[in-house]
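Dear colleague,

Please find below the structure that I am handing over to you, followed by an account of what was found in it. I would be grateful if you would read the two side by side.

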Amino acid sequence: MSSATAEAWPESTPGHRRVRMGFRAWRRTRPFWGGLLAMLAGVPILYFPYAKLSIGGLTMAMATTAGAGSLIIGILLIALGLTSWFQPVVRVFCGVATTLLALISIPVSNLGGFGLGVTPGLIAGGLLVAWAPLRTLPAEAEAEAAAEPEAAALPHQQHEPADRPLAYGAAPAGQPQPSAPDAAAAAVDPEEPR
């Protein structure tokens, strides 16, 4: 087998493709990246106050009185990320709360996990607030949108029948609509000549 005859990408199984497409559809209906960053921001904020760092033969314990505050902030950030995934309706609340918790973690939790929690937390808050679901058109609107180019191509079929009465103030097909002052003058006294 040479490089010319080898497949560029091996064919995936139909089940694998179905799972991947299902995950893609699920991801696109919610603020996925904002929720993921919010959860990732909670990890360093939670970790560093309880970590024991070993530098050579020196062991440093980071545990301070900020441990309880860091625990609460980290767990809340992870919970807000999960909430934004499974309840996208509350994404604005989750975004604002994520931003506030990330800012509060600066003085409470070792400079917000040494910046490793604050930065993704602030980005996550912005992404969660800014995300909006895609608007979907109803089936009827899609059918009308598909039929419009066909109707535009046939202008002779767009005229109303002559025996059908027009609505008050409407001009017959092919005539320009009256301007606002003309329509107002006609509404005051239709018998008065202009």
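One aromatic cluster is formed by Phe23, Trp26, Phe32, Trp33, Trp85 and Phe86. Please bear in mind that the model is a predicted one.

The count of aromatic pairs comes to eight. One of them joins Phe32 and Trp33, whose arrangement is edge-to-face, with 4.9 Å from centre to centre and 80° between the planes. Phe32 also pairs with Trp85: the ring centres are 5.0 Å apart and the planes stand at 5°, so this pair is stacked, given that planes under 30 degrees apart count as such. Where do the two partners of the stacked pair lie in the chain? Phe32 belongs to helix α2 (residues 32-47) and Trp85 to helix α3 (residues 67-86), so the pair ties together parts that are 53 residues apart in sequence. Both Phe32 and Trp85 are buried. For Phe32 the relative accessible area is 10%, and the residue is classed as buried because the limit for that class is under 20%.

The second site concerns Arg30, which is found in the loop between α1 (14-28) and α2. Is Arg30 buried or exposed? With a relative accessible area of 13%, Arg30 is buried. As to its polar partners, a polar atom of the Arg30 side chain lies 2.9 Å from the backbone oxygen of Trp26, a residue that is also a member of the aromatic cluster. In addition, the side chains of Arg30 and Thr29 are joined by a polar contact of 3.1 Å. When residues up to four places away in sequence are not counted, Arg30 touches Ser84, Trp85, Phe86, Pro88 and Trp131. Of these, Trp85 and Phe86 belong to the aromatic cluster, and Trp85 is the stacking partner of Phe32.

The third site is Ala124, placed in helix α6 (residues 118-130). Ala124 is buried, its relative accessible area being 0%. Which residues are in contact with Ala124, once its neighbours within four places in sequence are left aside? They are Gly34, Leu37, Ala38 and Thr98. For Gly34, the C-alpha to C-alpha distance to Ala124 is 4.3 Å, while the two residues are 90 apart in sequence.

To summarise, the stacked pair of Phe32 and Trp85 ties helix α2 to helix α3, Arg30 touches Trp85 from the loop between α1 and α2, and Ala124 of helix α6 is in contact with Gly34.

With kind regards

Key. Residues are numbered from 1 along each chain as its sequence is written. This is a predicted model: local features need pLDDT of at least 70, side-chain atom pairs count only at pLDDT 80 or more; totals for chains, interfaces and linings use all residues. Side-chain values use heavy atoms; hydrogens and water are left out. Rings of Phe, Tyr and Trp (its six-membered ring) pair if their centres lie within 6.5 Å; planes under 30 degrees apart count as stacked, over 60 as edge-to-face and the rest as tilted. Buried means under 20% relative accessible area, exposed over 50%, partly exposed in between (1.4 Å probe, protein chains only). Helices (H or I, at least four residues) and strands (E, at least two) are DSSP runs, numbered from the N terminus. A polar contact is a pair of N or O atoms within 3.5 Å; within protein, one must be able to donate a hydrogen and the other to accept it, and residues adjacent in sequence count only if both atoms are side-chain atoms. Contact means heavy atoms within 4.5 Å.
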